Amino acid sequence: MSHPFQQQLTDRADFHEFVDRLESIAVWSGDVSGFDYMSPAFEEIYGRPVEDVMEDMSVVIESTHPDDRDLVAEMMAGADEQIRNGESVQTEHRVTYPDGELRWVEVRVFPLESAPGEAPEVVGVTIDITDRKRAELELERQNERLERFANILSHDLRSPLTTAKGYLDLVTDQFSHKYLDVVGQALTRIEEIITDVLTLSRIGKAAETTESVDLAETARRAWQITDDDRGQLAEMDDLGTIEADGSLVGQLFENAFRNAVEHGSTRPASSTRQDAVEHGSTSHAEPGGSADAVEHGSTSPRSQTPEDAVEHGTQDVTVRVGLLDEKNGFYIADDGKGIPEAEHEQVFEAGYSTSDKGTGYGLLIIKEIVDAHGWDVSITDSEAGGVRLEITNVNVNECGSH
């Protein structure tokens, strides 16, 4: 029955010595009529003596969990044709020990060359994946609990928060007091924390689907959403594309931009609005509307030239996005205040913030998005002394490459 290669392999003493030392991995060979070799690990994985399965391969079916027997039987029935076509076969199923203990196994079957008309012979590997499956199932349960928690945040907490903000608006329409401003800031902070926690809770699920994402275009859209006149996004060339979840990459850029502006700017966000009121500006300049802004005497920062911006200090932080020299990722750098080197390891922890107005989740969200894609992230100083985030281990398809 044995193929010459198979016979040579299974007869080798060093092969047996190696295979016999493997734990939770059973190596075997045979054909449709039965096994001609089975490593000792079979007994550990299936809870049955090797001698039993060597005499009768139906022991494999009998040891399979009742709910998975049809799956295994179908696999074995369909495997013959696949193996004749030179294709390997793979399946996962549960095994029930004689004492009732439940285990998970992964089975892979690889065909060997056989003479025309002869039954195809195979070499197989059975791996105990119980620990991995238990971890996966526990992760699923955790995700379900997290999703329920996210729903509570989204509905049960936001509803009374919206009510509180509504009544605060009614009060501030009639009264003005610094304490009301503090209440408004606190409610806004609560809303921001809810948004950040919701984002955190849904990152893993969102990253399950990917698409081709244009880095430069995504960065520009994220900057528009950030919409903060205390900074500016430097011009960038085409940065190529990456395979990722587009919405999460956009969220990564948004959080990085907000962090750069909020922690790197020396001017409070409200000063622009106050300047606009004091100087009579009531709207942002629309695209192509700079002449109109001049005509009507608008001093809105949106209509100012870059030279004016520098002269009057209306754009405190410049953010740059580019590819790493190694072409294995991209960076986001600013020329703000930076973060002390001693704190570089702490920045991705929940609650870290260099501002008393920050939620402490911005950089953590970036870390979770990066982890969900299998990338790496680190923080260092930019050339201008600000913060530089480097996202590495990313497969970047540069413009024009395929």
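**Notebook: burial, cores and helix ends in a predicted model**

Entry 1. I looked up E106 and found it buried, because its relative accessible area is 6%, under the 20% limit. The model is a predicted one, and I read every value below in that light. E106 belongs to strand 4, residues 102-111. I then asked which side chain makes a polar contact with the side chain of E106. The partner is the side chain of R108, at 2.7 Å. Leaving out residues up to four places away in sequence, I listed Q90, T91, E92, V125, T126, I127, I129 and R132 as the residues that E106 touches.

Entry 2. I turned to the protein as a whole. I counted 14 helices and 13 strands. Of the 402 residues, 41% count as buried. For contacts between residues at least 6 apart in sequence, I noted that 61% join residues at least 24 apart. The exposed area is about 23,000 Å², and carbon and sulfur atoms supply 49% of it.

Entry 3. I examined the nonpolar cores. The largest has 42 residues, and I242, F253 and F257 have the most contacts inside it. I recorded the elements that give two or more residues to this core: helix 9 (215-226), helix 10 (246-264) and helix 14 (362-372), together with strand 8 (241-244), strand 9 (317-323), strand 10 (329-334), strand 11 (376-381) and strand 12 (387-392). Helix 10 gives the most, with eight residues. A second, separate core has 21 residues, including F35, V50, V59 and V95.

Entry 4. I followed I242 outward, setting aside its neighbours within four places in sequence. I242 is in contact with E211, S212, V213 and L215, with V249, F330 and W375, and with V394, N395 and V396.

Entry 5. I took up N395 from that list. N395 lies in the loop between strand 12 and strand 13 (396-397). Is N395 buried or exposed? N395 is exposed, because its relative accessible area is 60%, and exposed means over 50%. Not counting residues up to four places away in sequence, N395 touches T241 and I242. I also noted that the C-alpha atoms of N395 and K327 are 8.1 Å apart, although 68 residues separate the two along the chain.

Entry 6. I checked N393, which is found in the loop between strand 12 and strand 13. Its phi is near 65°, a positive value in a residue other than glycine. Most residues other than glycine have a negative phi. N393 counts as partly exposed, at 47% relative accessibility.

Entry 7. I tested the geometry of helix 9. Its twelve residues, at 1.5 Å a residue, should span 16 Å, and the end C-alpha atoms are 16 Å apart, so the two agree. I then listed the buried residues of helix 9 as L215, A216, T218, A219, A222, W223 and T226. These cover an arc of only 160° around the axis, and therefore lie on the same side of helix 9. Q224 and I225 are exposed on the other side of helix 9. Which residue caps the N-terminal end of helix 9? D214 does, with a side-chain oxygen 3.2 Å from the backbone nitrogen of A216.

Entry 8. I looked up helix 14 and its end. The buried residues of helix 14 are L363, L364, I365, I366, I369 and V370. Just after helix 14, G374 takes a positive phi of about 80°.

Entry 9. I followed helix 14 to I203, which lies in helix 8, residues 178-206. I203 is buried, with a relative accessible area of 1%. Apart from residues up to four places away in sequence, I203 touches L248, I365, E368, I369 and A372. The C-alpha atoms of I203 and A372 are separated by 7.1 Å, with the two residues 169 apart along the chain.

Entry 10. I closed with E55, which lies in helix 4, residues 50-55. E55 counts as exposed, at 70% relative accessibility. I recorded a C-alpha to C-alpha distance of 7.9 Å between E55 and G34, which are 21 residues apart in sequence.

Technical notes. Residues numbered from 1 in each chain as written. Heavy atoms only, no water. Core = buried A, V, L, I, M, F, W, Y, C linked by side-chain atoms within 4.5 Å. Buried < 20%, exposed > 50% of the residue type's maximum accessible area, 1.4 Å probe, protein only. Helix = DSSP H or I, 4+ residues; strand = E, 2+ residues; numbered from the N terminus. Contact = heavy atoms within 4.5 Å. Areas by Shrake-Rupley, 256 points an atom, 1.4 Å probe, with all protein chains shown as cover. Expected span 1.5 Å × (residues − 1). Arc of directions from axis to C-beta. Polar contact = N/O pair within 3.5 Å; in protein donor to acceptor, adjacent residues only side chain to side chain.
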